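This report covers a sheet, a covered helix, a nonpolar core and some salt bridges. The sequence and the model are shown first.

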Amino acid sequence: MDDRYGTDVLARGWRDAGRKKPAPVAASVDLVVEVAGDGFVGAVTRVDGGNVELEDRFGRTRLFPLGGGFLVDGAPVVLTAPTAAPRGRTRTASGSFAVADQLARTARASRIFVEGKHDAELVEKVWGADLRAEGVVVEFLEGVDLLEQTLDAEPPTAERRYGVLVDHLVPNSKESRIAEKIARGRHGAHVRIVGHPFVDVWQCVTPRALGIAAWPEVPRGIEWKVGVCRALGWPAEEQADTARAWQHILSRVTTFRDLEPALLGRVEELIDFVTVP
């Protein structure tokens, strides 16, 4: 005789009998997920140490443990760590497709000058692979005041174009006046000078990458980097302290997504300018 109640009502799993189990779904980057019972909706940005980071449409990020308690398209799911992506169409830190086993190209005559040591390090970290593939050399420019002297020493030509990246290139600034003078001068046809609007390249790293709400406002009369370090609770007594602060900031940059668009577009513009056939 059939027993419609089963043979053991206390057997393991009796509460789940007849229930549909949530499907396992890999927490791939850009997958849109809703947190059940919370209402937070965001796209997956990374999976790290058993946690998944979600970013909502306002740029706010939150960490949640992988597992159940999520919805995808309204259906319950169990988020799992994504498997390793197949090798092939991998991307560089700048977002470009990487070419496997590609050797660095012989350096072009054209090059990019970057004002500031920190600026040059940031460009190398994000665009280094692309620049080596294109054969573009990046040179450190100690200050925009020295740009005209540098150009006079080795003038640019149609075959040797120079791109220049400077800080705080805003209307009526010293930097903009120098850039305008060079653009009108004898070197102007073969030089492209661009810049970002921030006081320092530190601000080109998004606050989200550092886990802060925003870059601190530094009162006039206080050296900007020192003021930032103090506001964030970092040591700021000597130059070595600000150097360590920069290395911490740089360590949080892994892809172009960690940089402000105001810098991204300008660097891409310079690469295009110096690599034009």
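Helices here are DSSP runs of H or I with at least four residues, and strands are runs of E with at least two, numbered from the N terminus. The model is predicted.

**Helix α5**

By that assignment, α5 spans residues 224-231, and G233, just after this helix, has a positive phi of about 80°. At the other end of α5, a side-chain oxygen of E223 comes within 3.3 Å of the backbone nitrogen of K225. The helix is mostly covered, with 6 of its 8 residues buried. These are W224, K225, V226, G227, V228 and C229. Their cover includes α1 (117-134) and α6 (239-251).

**The sheet**

Four strands form an open sheet in the order β9-β8-β10-β11, and their pairing is parallel. The edge positions belong to β9 (137-141) and β11 (191-195); each has a single partner strand, so one side of each lacks a neighbour in the sheet. On average, neighbouring strands are turned by 20° against each other, direction ignored. Between β8 (residues 111-115) and β9 there are 5 bridges in the parallel sense. In this pair, F113 stands opposite E139 of β9. Helix α1 packs on the sheet, where it touches β8, β9 and β10 (162-166). The direction of α1 makes about 150° with that of β8.

**The nonpolar core**

The largest nonpolar core has 37 residues, and the members that touch the most others are L122, W127, W202 and L259. At least two residues each come from β8, α1, α4 (207-210), α5, α6 and α7 (261-275). The largest share, 7 residues, is supplied by α7.

W202 also has contacts that can be listed by name. Leaving out residues up to four places away in sequence, W202 touches H118, W215, W224, K225, V228, C229, T242, A245, W246 and I249. Among these, W224, K225, V228 and C229 are also buried residues of α5.

**Salt bridges**

Side chains of opposite charge can pair when their charged atoms come close. The whole structure has 16 salt bridges. Three of them are listed below with the distance between N and O atoms.

| Salt bridge | N to O distance |
|---|---|
| R60 and D56 | 2.8 Å |
| K174 and D145 | 3.4 Å |
| D241 and R244 | 2.5 Å |

The pair of K174 and D145 links distant parts of the chain, 29 residues apart. K174 lies in helix α3 (residues 174-184), while D145 lies in the loop between β9 and α2 (147-153). K174 counts as partly exposed because its relative accessibility is 39%, and partly exposed covers values between 20% and 50%. In the pair with R60, D56 counts as buried at 9% relative accessibility, since the limit for buried is under 20%.

How far apart in helix α6 are D241 and R244? They are 3 residues apart, which means a separation of about one helical turn. An α-helix has 3.6 residues a turn, so residues three or four places apart point the same way. D241 is buried, with a relative accessible area of 8%, whereas R244 is exposed at 51%. Elsewhere, R46, D48 and E53 are joined into one network by salt bridges that share partners.

Key: Residues numbered from 1 in each chain as written. Predicted model: local features only at pLDDT ≥ 70, side-chain atom pairs only at ≥ 80, totals over all residues. Heavy atoms only, no water. Buried < 20%, exposed > 50% of the residue type's maximum accessible area, 1.4 Å probe, protein only. Contact = heavy atoms within 4.5 Å. Polar contact = N/O pair within 3.5 Å; in protein donor to acceptor, adjacent residues only side chain to side chain. Pairing = 2+ DSSP bridges. Axes fitted to C-alpha atoms, helices over the stretch in contact; angles between N-to-C directions. Core = buried A, V, L, I, M, F, W, Y, C linked by side-chain atoms within 4.5 Å. Salt bridge = Lys/Arg side-chain N within 4 Å of Asp/Glu carboxyl O.
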